Amino acid sequence: LRSGKKLDAAALDKKESAKFMKAYFKQLKKLENNKSLDARLRFALKDLRELRENTWVPRRKVEEAKTIQEIHDDIQAEEDKKAGRKPTRVKRDRSANNLTIISDDGWETVPTTTASVRRSSSRKERSQSPANVPTDVNMGGFGALLGGDKKKKDKDKKKKKKSRSKDSLTDLEEVTSIPFDEDKYRGKCKAAVAEYFSIEVVDEVVACAREELAGLGEPSRLSLLASAALDVVLDGKQKDRERVPQLLLALSEKDVLTPAHFSTAFLEALAILPDITIDAPKAPQWLGDVLKALVEKEACSLAFLEGGAPAALTELGEEGTECWSKFKDYVAS
């Protein structure tokens, strides 16, 4: 980056040098469309040309090591931007592990909880809710009412559990009228997965699924947690990609994710696979390796591949159906 910028700046000082530089990049542009070259090389040449056209300013920010809380802050900022809310700036005192949130109008607030404290406080609130308050003879009529309310809720919960099956997508239907905020839910899933790859503590992801995500959507929505992990397979670093099967298998063993969740997540990933393959030709193989690992441990089946290609792929015509067929063949091999 620095060398290219210096060479380009030096070439501008001399007319002859500028002429040669222009010719060089003209040839590089031709090489971009040379299908006989390796795809990775062609994309590298394209990135170099676009970098020069953008006055040597990279499109992506240079990645730096971040703390877990900073990862959460970045994801929250993205959610604020999508929702049209004013973003907040976080000033952190690392030595004291304190946070100060500064709004755009200059006011500072100091929150009393971090992500883990928020989860513990939510547990405390639920334990103190009327449905969980123990009945006592000294409470009189109110104690009887509260006890009856608790029994009724427990009975309703048992009925819902019996009506659901782990292996059937149709049994994971929503039974609530509360509006579902998909962007917020996906943001939580993305943060949980990113946290796992930072500290490799699967219990944190489990806690997020059972406490935070449970309050945002029905159990069927947990397929988005699996989708967040598969996003790392398609667009993440190699060291993280290799750890995705380990994470998904652990969540399956802890009864957080079911075969139905995995099936839905894979179908969602397959719908965008043709586009991903343009930049990452090995993407079908990466995705297939994860599915093979899950099938081997009986965490998922290949039943969802027995039907026809998803509508999102058939709409792409031959390209979509060919991608579907190749993926099925690779997984079956």
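Glutamate 298, which follows helix α14, has a positive phi, near 60 degrees. The model that gives this value is predicted.

The helix before it covers residues 283-296. Its 14 residues, at 1.5 Å a residue, should span 20 Å, and because the end C-alpha atoms of α14 are 20 Å apart, the expected length and the model agree. An α-helix has 3.6 residues a turn, so residues three or four places apart point the same way. The residues of α14 that are buried are Ala283, Leu287, Gly288, Val290, Leu291, Ala293 and Leu294. These buried residues pack against α9 (223-235), α11 (244-253), α12 (259-271), α13 (273-279) and α16 (318-332).

Aromatic rings come next. Over the whole structure, a search finds three aromatic pairs. One of them joins tyrosine 196 to phenylalanine 197 in an edge-to-face arrangement, with 5.4 Å centre to centre and 70 degrees between the planes. Both tyrosine 196 and phenylalanine 197 are buried. Another pair, phenylalanine 266 with phenylalanine 304, is stacked: the centres are 6.2 Å apart and the planes differ by 25 degrees. This pair links distant parts of the chain, since phenylalanine 266 belongs to helix α12 and phenylalanine 304 to the loop between α14 and α15 (311-314), 38 residues apart. Phenylalanine 266 and phenylalanine 304 are both buried.

Rings also meet charged side chains. The charged end of arginine 241 sits over the ring of tryptophan 286, at 3.7 Å from the ring centre. Arginine 52 likewise places its charged end over the ring of phenylalanine 25, where the distance to the centre is 4.4 Å.

Technical notes
Residues are numbered from 1 along each chain as its sequence is written. This is a predicted model: local features need pLDDT of at least 70, side-chain atom pairs count only at pLDDT 80 or more; totals for chains, interfaces and linings use all residues. Side-chain values use heavy atoms; hydrogens and water are left out. Helices (H or I, at least four residues) and strands (E, at least two) are DSSP runs, numbered from the N terminus. The expected span of a helix is 1.5 Å times one less than its number of residues. Buried means under 20% relative accessible area, exposed over 50%, partly exposed in between (1.4 Å probe, protein chains only). Contact means heavy atoms within 4.5 Å. Rings of Phe, Tyr and Trp (its six-membered ring) pair if their centres lie within 6.5 Å; planes under 30 degrees apart count as stacked, over 60 as edge-to-face and the rest as tilted. A charge sits over a ring if NZ of Lys or CZ of Arg is within 6 Å of the ring centre and within 35 degrees of the ring normal.
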